[in-house]
Amino acid sequence: MLATLAGGTLDITYACVVSYFRGRTPTAVLQSVASGWQGADAYQGGAGSALLGLVTHYGIMTAMVATFGVVAMRVPALIRKPWLSGPVYGLALYAVMYGIVLPLRFPDVFPRLNGWITVSDIIVHMGVGLIIALVFSRTRRPAPR
C-alpha cells in the first residue's frame, strides 16, 4: 500500500503539474483517466468523473506495484539492489504506458516525443520504479544466500 500511495502520488502530481503548463486543470487530467471508462462523457462528469479517474489511477498503480512484488519474489536481487532495479522497472513502466496503454487509449496524441517533457516523463517513471523497489527492499528482506 505504501508503494502504491507514494508512487501513485508522485505520478499523478507530476501529470497535473505538466498538464497545468499546457493549460489543463488537475480535474481535466483525472477526467482523462476516467475517460477510459466513460469515454468523452468523463469531461462533463465534474468531480465524480475526476474521483473515478483518481481511483482508476491508484488501481493501475496497485497493479504496477503488485507486478514488481510478484517478480521480486522470484528474483530476490530486485529487492537487494533497489537503486538499480527500481529505475529499470520505471523504464519498463514508461515503455508500457507510453508505448502501449496511452497509444491504445489516445491514438491521435500518442506516441509523442516532446523534448523536455519526454525526458521528464522518463525520469519520473524511473522515480516511481525506484519508490516501489525501495519500499519492497525495506519491507521484504530476502533470505541470505
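This briefing covers the helices, aromatic pairs, a surface patch and selected residues of one structure.

The structure is a predicted model, in which local features need pLDDT of at least 70, side-chain atom pairs count only at pLDDT 80 or more, and totals for chains, interfaces and linings use all residues. Residues are numbered from 1 along each chain as its sequence is written, and side-chain values use heavy atoms, with hydrogens and water left out. Helices are DSSP runs of H or I with at least four residues, numbered from the N terminus. Buried means under 20% relative accessible area, exposed over 50%, and partly exposed in between (1.4 Å probe, protein chains only). Contact means heavy atoms within 4.5 Å.

**Helix 3**

- Helix 3 runs over residues 46–74, and its 29 residues should span 42 Å at 1.5 Å a residue. The expected span is 1.5 Å times one less than the number of residues.
- The end C-alpha atoms of helix 3 are 43 Å apart, which agrees with the expected span.
- The buried residues of helix 3 are Ser49, Ala50, Gly53, Thr56, His57, Met61, Met64, Val65, Phe68, Gly69 and Ala72.
- The cover over these buried residues includes helix 1 (2–20), helix 2 (26–38), helix 4 (77–80), helix 5 (82–105) and helix 6 (116–139).

**Aromatic pairs**

- There are 4 aromatic pairs in the structure. Rings of Phe, Tyr and Trp (its six-membered ring) pair if their centres lie within 6.5 Å; planes under 30 degrees apart count as stacked, over 60 as edge-to-face and the rest as tilted.
- Phe68 and Phe136 form a tilted pair, because their ring planes stand at 55 degrees, with the ring centres 5.5 Å apart.
- Phe68 belongs to helix 3 and Phe136 to helix 6, so this pair ties together parts that are 68 residues apart in sequence.
- Phe68 and Phe136 are both buried.
- Tyr94 and Tyr98 form a stacked pair, because their planes are at 20 degrees, with the ring centres 4.5 Å apart.
- Tyr94 and Tyr98 are 4 residues apart in helix 5, so about one helical turn separates them. An α-helix has 3.6 residues a turn, so residues three or four places apart point the same way.
- Tyr94 is buried at 14% relative accessibility, and Tyr98 is buried with a relative accessible area of 14%.
- A cluster of Phe68, Tyr89 and Phe136 is linked by ring pairs.

**Surface patch**

- Val96, Ile100, Val101 and Leu104 make a nonpolar surface patch of about 360 Å².
- Patches are made of residues with over 30% relative accessible area and no salt bridge; like charges are joined within 9 Å, and nonpolar side chains (Val, Leu, Ile, Met, Phe, Trp, Tyr) within 5 Å. A salt bridge is a side-chain nitrogen of Lys or Arg within 4 Å of a carboxyl oxygen of Asp or Glu.
- Accessible areas come from the Shrake-Rupley method with a 1.4 Å probe, and for residues only the protein chains shown count as cover.
- One of the patch residues, Ile100, is found in helix 5 and is partly exposed, with a relative accessible area of 48%.

**Residues of helices 1 and 2 and the loop after helix 2**

- Ser19 is in helix 1 and counts as buried at 12% relative accessibility.
- Leaving out residues up to four places away in sequence, Ser19 touches Arg24 and Val29.
- Ala28 has its place in helix 2 and is buried at 16% relative accessibility.
- Ala28 and Ala42 are 14 residues apart along the chain, and their C-alpha atoms are separated by 8.9 Å.
- Tyr43 lies in the loop between helix 2 and helix 3 and is partly exposed at 34% relative accessibility.
- Apart from neighbours within four places in sequence, Tyr43 is in contact with Arg24, Ala28, Gln31, Ser32, Ser35 and Phe106.
- From Tyr43 to Gly90 the C-alpha to C-alpha distance is 29 Å, with their positions 47 residues apart in sequence.

**Residues of helix 6**

- Ile122 is in helix 6 and is partly exposed, with a relative accessible area of 25%.
- Ile122 touches Leu91 and Tyr94, not counting residues up to four places away in sequence.
- The C-alpha atoms of Ile122 and Thr62 are separated by 19 Å, the two residues being 60 apart along the chain.
- Ser137 is also in helix 6 and counts as buried at 1% relative accessibility.
- Beyond its neighbours within four places in sequence, Ser137 is in contact with Ile79 and Pro82.

Conventions
Helix = DSSP H or I, 4+ residues; strand = E, 2+ residues; numbered from the N terminus.
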